[in-house]
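Please look through the structure shown below, which the following report describes in short sections.

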Amino acid sequence: MSSTRGMFNSRLGFILAAAGSAVGLGNIWGFPTQAAQNGGAAFVLMYLILAFCLAYPAFMAELLIGRYGQANAVASLTKMSNSPAQKKFAFVVGFGGILCAGLLMSFYSIVAGWMIAYTAEPIASAVGADAAASWLTTHAVPRNIIFTAIFSGLTILIIRQGVADGIEKWSKRLMPALIILLVSLTIYVMTLEGASEGLKAYLIPDFSQLFDTQLIVSALGQAFFSLSLGTSVIIVYGSYINRSENIVSLGAYVTLIDVFIAFLAGLLIIPAMYVAQAQGVQIFATDGSLLSGDTLVFAVLPSLFNSMGFVGYFVAFAFFCLMSIAALTSSISMLEAPVSYCVERFNIERKLATVLIGLLIFLISLMIIFNFGQLFGLVIAITTKYGQPIIGMLCCIFVGWIWHRSSILNELKQGNETVEHSLFWKIWPWYTKIVCPLAIGAVFAASL
Ligand code: PHE
């Protein structure tokens with residue numbers, strides 16, 4: 001089978017594709033606002049600890065499952081199983097992850113659709129099409145349907161092209177664009193009045209909150225979402241890595257890029273909020289907490305852009321372009337998870353499978369759009385609060401308790417001959433076996 005499967009052509013291609021999956025709305029929107037709400041640098045610190053101590057080992061577990069299996073998530077996990085009961089367990093974990101990825105895409109593409117609409121808005125405003133501009137920014141069913149369709153269509157177009165010509169090629173184009181936009185916007189915002197106050201709010205820790213349960217739960221949830229764990233996405237991307245690659249360092253690069261971009265996004269968003277405050281925009285809710293969620297992105301920041309005069313059109317366009325690109329490189333990974341399964345399991349041609357599954361997910365998005373109040377928050381909770389931690393934990397259990405240690409070592413040695421003597425091999429196996437499942441389980445229980 002492996003000869004007909006796609007593969008990433010280069011190491012850089014994999015790093016950018018996996019970083020593209022990891023870097024998304026979670027980094028640029030979720031991370032900064034969570035940090036602002038949970039004690040600034042105290043949250044950043046806890047996030048760094050959890051990202052490297054819990055999320056990175058879990059990320060490695062998923063990556064390794066995929067590279068060993070060289071197949072979709074269900075087939076890769078089944079290949080590691082030794083008994084019929086384990087094979088059933090493999091199916092539940094693998095298929096659960098695939099479902100989670102599909103459901104995630106159903107709400108993610110709605111939010112990403114808003115980002116595209118807000119990217120178009122400054123263009124409409126700049127040419128004086130005020131009615132169009134206000135339609136683009138008003139929360140309404142027709143707009144949501146059109147822009148979710150546009151975003152889902154883009155995702156489908158890329159995934160139809162396959163691993164090297166779709167995912168890898170587009171990640172190589174979009175990720176550098178994302179980094180350039182992010183850095184330029186951050187530098188620009190730093191020059192504005194009020195930015196330094198935002199920097200203080202972001203970087204001066206309130207250590208009294210460090211061990212707050214809510215802070216820890218939020219930080220772990222954020223780290224799991226951000227590294228795309230528990231969705232079988234990383235298993236699938238891992239299955240497209242060449243056996244000659246050193247997977248331990250590849251995983252570390254992706255984690256570092258993901259954490260770094262989240263941190264950088266904080267340097268943009270929090271100071272931008274305080275710049276908005278200096279312009280008279282309200283940034284605190286009545287209870288004194290910093291405004292977050294959609295109010296932040298769709299009210300506070302647009303008010304800031306408006307107050308900037310003509311340059312504001314460019315800044316608004318660049319900012320929402322950044323959001324849209326970040327969302328696109330993540331959504332392609334969400335679609336790839338079910339597509340790879342259907343292509344390999346049912347022998348369906350990739351282009352057809354992509355369109356069918358893409359349309360199915362779009363139908364779920366439509367259901368959410370039509371029942372927004374009831375379904376939007378629910379789907380987010382099912383996938384990010386329950387699905388991802390549970391499946392991520394089960395993947396660690398799979399690697400720690402079901403996969404043979406010698407077989408793990410053998411897989412790690414491909415592309416990394418000396419791994420047996422490394423610190424990674426001394427720590428990671430027992431860590432994934434015991435510490436990760438217990439810690440993830442404890443944090444999950446605390447969140448309920
Ligand atoms: N990691 C992405 C983000 O931070 C979201 C994502 C979750 C992507 C799960 C794929 C799978 O926005």
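## A buried phenylalanine

In this predicted model, Phe-319 counts as buried because its relative accessibility is 3%, which is under the 20% limit used for that class. Phe-319 belongs to helix 14, and its C-alpha atom lies 15 Å from that of Val-23, although the two residues are 296 apart in sequence.

Helix 14, which spans residues 310-346, is also one of the elements that give two or more residues to the shell around the ligand, and the ligand is taken up next.

## The ligand and its surroundings

There are 16 residues around the ligand, and those that come nearest are Ala-22, Gly-26, Tyr-108, Phe-225 and Ser-226. Sorted by class, this shell holds six nonpolar and 10 polar residues, while charged residues are absent from it.

Several backbone atoms approach polar atoms of the ligand. A nitrogen atom of the ligand is found 2.9 Å from a polar backbone atom of Ala-22, and a ligand nitrogen also lies 3.1 Å from a backbone N or O atom of Ser-21. For Leu-25, a backbone N or O atom is placed 3.1 Å from an oxygen atom of the ligand. The ligand taken alone would expose 330 Å², and the protein buries 100% of that area.

The largest cavity is the space that the ligand takes up. Two or more residues of the surrounding shell come from each of helix 1 (11-22), helix 2 (25-37), helix 5 (84-126), helix 10 (213-226) and helix 14 (310-346).

## Two serines with positive phi

What phi does Ser-228 have, although it is not a glycine? The value for Ser-228 is positive, at about 60°, and Ser-232, likewise a residue other than glycine, has a positive phi near 70°. As background for reading these two values, most residues other than glycine have a negative phi.

Ser-228 is placed in the loop between helix 10 and helix 11, the latter covering residues 233-238, and Ser-232 is found in the loop between helix 10 and helix 11 too. Is Ser-228 buried or exposed? Because its relative accessibility is 8%, and buried means under 20%, Ser-228 counts as buried; Ser-232 is buried as well, with a relative accessible area of 3%.

Key
Residues numbered from 1 in each chain as written. Predicted model: local features only at pLDDT ≥ 70, side-chain atom pairs only at ≥ 80, totals over all residues. Heavy atoms only, no water. Near = heavy atom within 4 Å. Polar contact = N/O pair within 3.5 Å; in protein donor to acceptor, adjacent residues only side chain to side chain. Areas by Shrake-Rupley, 256 points an atom, 1.4 Å probe, with all protein chains shown as cover. 1 Å grid on protein atoms, 1.4 Å probe; cavity = no way out; pocket = protein on both sides within 12 Å on 5 of 7 lines; lining within 4 Å. Sits in = over half its atoms within 2 Å of the grid points. Helix = DSSP H or I, 4+ residues; strand = E, 2+ residues; numbered from the N terminus. Nonpolar A, V, L, I, M, F, W, Y, C, P; charged D, E, K, R; others polar. Buried < 20%, exposed > 50% of the residue type's maximum accessible area, 1.4 Å probe, protein only.
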